[in-house]
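Biologist: I have the coordinates open and would like to go through the side-chain contacts with you. Could we begin with the aromatic rings?

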Amino acid sequence: MINMLPQLLSLLVLGGLSSNSATSLFHRPPCFCASPLDNGLRKLGAWRSTGHAEVRRARICSRGPEQTNMVEPKELAPTRISTANPLHMPAEGLWWAPSFSLGDISPPTRVIEDEAASALGAVRIAHLLSREESAAMVSACEQMAFVQAESSAERRNGALSWALHDNLTNAISARLAPHVARSICSHRGEASKERRCELLQAESLRRTLLGASGPGGLPLVRRCDGAPEGTYRLAGINSRCRVYRYEPDGRDSFASHYDEVWPGSRLVMREGESPQLEYDSWTYGEEEAEAWQWGPSDRVSHLSLLIYLNDGFRGGETALIPDNNNGPSQAVCLIAPEVGDALCFGQSFQLGRNDVGPSEMALLHEGRPLMPPASNAAAPNRRLLQLGNNCKTGVKKQKGTAAQRRARARAATAVKVGSGQFENMVEGGVATAKYVLRSDVLYWMPPPE
């Protein structure tokens, strides 16, 4: 460890880290000085060609919890928005909910002890959202447009993309942070136990020298072939989320797959302009040997985050499938959705490259179908609660009878998914479809050399 101290101190100086930056989840490390790589990125066009690269750099480097650049939204209902990078625009479009916020009091979030899930590298979290907050999210999503996937596709369910504003991503990130790794030490190729221990010791010593505990759980080491080596530090959840709706007809499902890493994104609101989702600008080569290119403010995801927004049905489990090709054989782990609970597991840096294998702790998983209505009829009736005063969705209360309100709600959305008629929107209606929100847990990329 003594031999490592000069290199570690050098890293601290080059990284420009401070104890202040380490103690807040939403402050990014201070800006790095312009480097040849930074200049090269501009020449290669890796930075977005939106005309706002410098504005974006200054905004990200200076932003703090107050979000002084945010313009107060005037629209209450969810609306469609655009993205700065058309390549990242989902086919069904992108939505945001200006007035949506979580409750003022956080639920008692905790880790669920599950040996089977833990053995596969997954983390289960209870009460990341309250039941009222989850119901409010379902209500907000029903005002957006779910689009049904083709039956021949890997995924068969309804889906939409929701860009969360800063206040919402910060609130969820703060609840999540104590239960996920605060830093991830990534390496390529095989590494001995001694080498992996050295990486953890170096990270622990760095934090000791800074005198900072910082957000998040204990650091971890994982092998990520095809990714930059170094230490990634917790940044929060991604703004871009996906919400899936599984019909209770026994047919909607999500076939087994690995989740790939995703660039960080943020919903940007400038005065006089429509909100726009902007992505971080790292690039990677088509082959493992080709170099990555990234800037000092870029983030990349390492973990997937699933939040179950309702329950009260049979089936619909998330199946965690072990890789039994290496090591002892393990059984499939089934996670039954519970409203407000969350599930975290590793993503892969494979990114479609044939010469790159799935990253360590990347978890093969699938979304299983719900049982048909005849079976669901026997399920416990967990009714959606009316929204609390401290859980805002931007939906104005409507007058009239319950039947009139139901008719207006359906007319406003004018969307049908499969055979479902949005029974979850009915006040006091039984939740029969399954709703799950998927986001990414982001980490700051290592300082560029």
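Modeller: Let us fix the rule before counting: rings of Phe, Tyr and Trp, with the six-membered ring taken for Trp, pair if their centres lie within 6.5 Å. Please also keep in mind that this is a predicted model.

Biologist: How many aromatic pairs does that rule give?

Modeller: The count comes to 7 aromatic pairs. One of them joins W292 and F349, with 6.0 Å from centre to centre and 55° between the planes, which is a tilted arrangement.

Biologist: Which parts of the chain does the W292 and F349 pair tie together?

Modeller: W292 lies in the loop between strand 14 (276–279) and strand 15 (299–308), while F349 lies in the loop between strand 18 (342–346) and strand 19 (364–367), so the contact ties together parts that are 57 residues apart in sequence.

Biologist: Are W292 and F349 buried or exposed?

Modeller: Both W292 and F349 are buried. They also belong to a cluster, in which ring pairs link W282, Y284, W292 and F349.

Biologist: Staying with rings, which charged end sits over the ring of Y246?

Modeller: That is K434, whose charged end is 4.5 Å from the centre of the Y246 ring.

Biologist: Back to the loop that holds W292. Where is D298 placed?

Modeller: D298 is also in the loop between strand 14 and strand 15. The residue counts as buried, at 1% relative accessibility. A polar atom of the D298 side chain lies 2.9 Å from the backbone nitrogen of G295.

Biologist: Now the sheets. What is the strand order in the open sheet of 5 strands?

Modeller: The order is 6-12-19-16-17, and the pairing is antiparallel. Strand 6 (155–156) and strand 17 (333–335) stand at the edges with a single partner strand each, so one side of each has no neighbour in the sheet.

Biologist: Over how many bridges do strand 12 and strand 19 pair?

Modeller: Strand 12, residues 253–257, pairs with strand 19 over 2 bridges in the antiparallel sense. F254 stands opposite G367 of strand 19.

Biologist: And at the edge, where does R156 lie?

Modeller: R156 lies in strand 6. The residue is buried, with a relative accessible area of 18%. Its C-alpha atom is separated by 8.3 Å from that of A255, although R156 and A255 are 99 residues apart along the chain.

Biologist: A change of topic: how many disulfides does the structure hold?

Modeller: The structure holds 0 disulfides.

Biologist: Why is there no bond from C141 to the closest cysteine sulfur?

Modeller: The closest cysteine sulfur to that of C141 belongs to C241 and is 9.6 Å away, which is too far for a bond. C141 is buried, with a relative accessible area of 0%. Another cysteine, C344, is buried as well, with a relative accessible area of 2%.

Biologist: What about charge pairs? How many salt bridges does the structure hold?

Modeller: It holds 15 salt bridges. Among them is the one in which the side chains of R124 and D114 meet, at 2.8 Å from N to O. R124 lies in strand 4 (residues 123–126) and D114 in the loop between strand 3 (110–112) and helix 5 (115–119), so this bridge ties together parts that are 10 residues apart in sequence. R124 and D114 are both buried.

Biologist: Which residue does R368 meet in a salt bridge?

Modeller: R368 meets E366, with 2.9 Å from N to O. At 29% relative accessibility R368 counts as partly exposed, whereas E366 is buried, with a relative accessible area of 18%.

Biologist: Which residues do salt bridges with shared partners join into one network?

Modeller: E142, R245 and E247 are joined in that way. Within this network, the side chains of R245 and E247 meet at 2.1 Å from N to O. R245 is buried, with a relative accessible area of 1%, and E247 also counts as buried, at 1% relative accessibility.

Biologist: One last item, helix 7. How many of its residues are buried?

Modeller: In helix 7 (residues 166–176), 8 of the 11 residues are buried, so the helix is largely enclosed by the rest of the structure. The buried residues are D166, L168, T169, N170, I172, S173, R175 and L176.

Conventions. Residues numbered from 1 in each chain as written. Predicted model: local features only at pLDDT ≥ 70, side-chain atom pairs only at ≥ 80, totals over all residues. Heavy atoms only, no water. Phe/Tyr/Trp six-rings, centres within 6.5 Å; stacked < 30°, edge-to-face > 60°. Helix = DSSP H or I, 4+ residues; strand = E, 2+ residues; numbered from the N terminus. Buried < 20%, exposed > 50% of the residue type's maximum accessible area, 1.4 Å probe, protein only. Lys NZ or Arg CZ within 6 Å of the ring centre and 35° of its normal. Pairing = 2+ DSSP bridges. Disulfide = S-S within 2.5 Å. Polar contact = N/O pair within 3.5 Å; in protein donor to acceptor, adjacent residues only side chain to side chain. Salt bridge = Lys/Arg side-chain N within 4 Å of Asp/Glu carboxyl O.
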